[in-house]
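Reader: I should like a close look at one part of this model, namely the pairing of charged side chains and the surroundings of those pairs. Please explain each term where it first appears.

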Amino acid sequence: MAVSLSSSSTITPITLQPKLKAIHGLGTVSPCYSIKSRFRSVSLRRSAVVVSAITGGASGTGIGKDTTDLLDTVKILDLKGNEIPISDLWKDRKAVVAFARHFGCVLCRKRAAYLAEKKDVMDASGVALVLIGPGSIDQANTFVEQTKFKGEVYADPNHASYEALEFVSGVTVTFTPKAAMKILESYMEGYRQDWKLSFVKDTVERGGWQQGGILVAGPGKDNISYIRKDKEAGDDPPVEEILKACCA
């Protein structure tokens, strides 16, 4: 959009004052940290295929029976290491299920926080709040300890749910200008990346490039009423959209 300034126009400099919010249990990152040096040995094995967000009612989510049948075979792990079919999360209840990029991701910690802020609304409607991350049980437990996330947390070390739902993955959907701005905003709000979790071998090779999404499902294994697939890192839908899907 073009903006024209008259000869009498003046531009007032704006100073951004970061408004930091304390996040209990989250560590800090040294300002001299070099991202470039961390990525020298990263294997770029997976190509990126951009998938548009899909929203709508049960008949309009774009989730077919083949996908719901496949999800019924996907197993995830709870924080004690017990194996659970993912569809059991919404078999007998309605649930908002958030899929994180990985457990160390600053953008995922912000996603967890902005959903948790509405947990009382979900509780009042009998809706469970769930977060799944592509990683190990140890990573999942560390995430809970650091963030104090009030919902349920599960690990998907094999990325089976991400592949079943065809969430996108790749460098080109991880490093984008919009994602960079969202990372900056997250840091200014007080969120922090856990670099130790972020550079666990499996996360570097797979989860570091993985994108997630959010779905609303249940009651009933085949009842997926809403799904939003992230097009890039930090592609959060408006929380009002999620609440409308789960609690209206």
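**Charged pairs and their surroundings**

Author: D72 has a relative accessible area of 33% and is therefore partly exposed, a class that lies between buried (under 20%) and exposed (over 50%), computed with a 1.4 Å probe on protein chains only. The model is a predicted one, in which local features need pLDDT of at least 70, side-chain atom pairs count only at pLDDT 80 or more, and totals for chains, interfaces and linings use all residues. Residues are numbered from 1 along each chain as its sequence is written, and side-chain values use heavy atoms, with hydrogens and water left out.

The side chain of D72 meets that of K221 in a salt bridge, with 3.2 Å from N to O; the term denotes a side-chain nitrogen of Lys or Arg within 4 Å of a carboxyl oxygen of Asp or Glu. This pair links distant parts of the chain, 149 residues apart: D72 belongs to the loop between α2 (65-71) and β1 (75-77), and K221 to the loop between β6 (213-217) and β7 (224-229). Helices (H or I, at least four residues) and strands (E, at least two) are DSSP runs, numbered from the N terminus. K221, with a relative accessibility of 31%, is also classed as partly exposed. The loop between β6 and β7 contains P219 as well, and the peptide bond that leads from G218 to P219 is cis, with omega near -10°. Most residues other than glycine have a negative phi, and most peptide bonds are trans.

In total, the structure contains eleven salt bridges. Side chains of opposite charge can pair when their charged atoms come close. One such pair is R111 with D236, whose side chains meet at 2.5 Å from N to O. Because R111 lies in helix α3 and D236 in the loop between β7 and α10 (239-247), this salt bridge ties together parts that are 125 residues apart in sequence. The two partners fall into separate classes of accessibility: R111 is buried at 4%, whereas D236 is partly exposed at 24%.

The setting of R111 deserves attention. Helix α3 spans residues 106-116, and nine of its eleven residues are buried, so the helix is largely enclosed by the rest of the structure. The buried set consists of V106, L107, C108, R109, K110, R111, A112, Y114 and L115.

Both R111 and D236 also line the largest cavity, together with F99, A100, R101, L107, C108, G212, D230 and G234. A cavity is a set of points on a 1 Å grid, over the protein atoms alone, where a 1.4 Å probe fits but cannot get out; lining residues have an atom within 4 Å of a point. The volume of the largest cavity is about 60 Å³, a volume being the space filled by probe spheres set on the points, which are joined across faces, edges and corners. A search of the whole structure finds one cavity of 30 Å³ or more. Helix α3 contributes the most to the lining, with three residues. By class, the lining has four nonpolar, two polar and four charged residues; Ala, Val, Leu, Ile, Met, Phe, Trp, Tyr, Cys and Pro count as nonpolar, Asp, Glu, Lys and Arg as charged, and the others, Gly among them, as polar.

A further salt bridge joins D235 and K231, whose closest N and O atoms are 3.5 Å apart. Salt bridges with shared partners connect R228, K231, D235 and E241 into one network. Within this network, D235 is buried, with a relative accessible area of 9%, and K231 is partly exposed at 34%.

For the wider setting, the chain has ten helices and seven strands, and 46% of its 248 residues count as buried. Contacts (heavy atoms within 4.5 Å) with a separation of 6 or more come in 78% of cases from residues 24 or more positions apart. The mean pLDDT of the chain is 76, with 70% of the residues at 70 or more; pLDDT is the predictor's confidence in each residue, from 0 to 100. Over residues 1-60 the pLDDT is below 50, and this stretch has 89 contacts in the model beyond near neighbours in sequence.

Note on methods:
1 Å grid on protein atoms, 1.4 Å probe; cavity = no way out; pocket = protein on both sides within 12 Å on 5 of 7 lines; lining within 4 Å.
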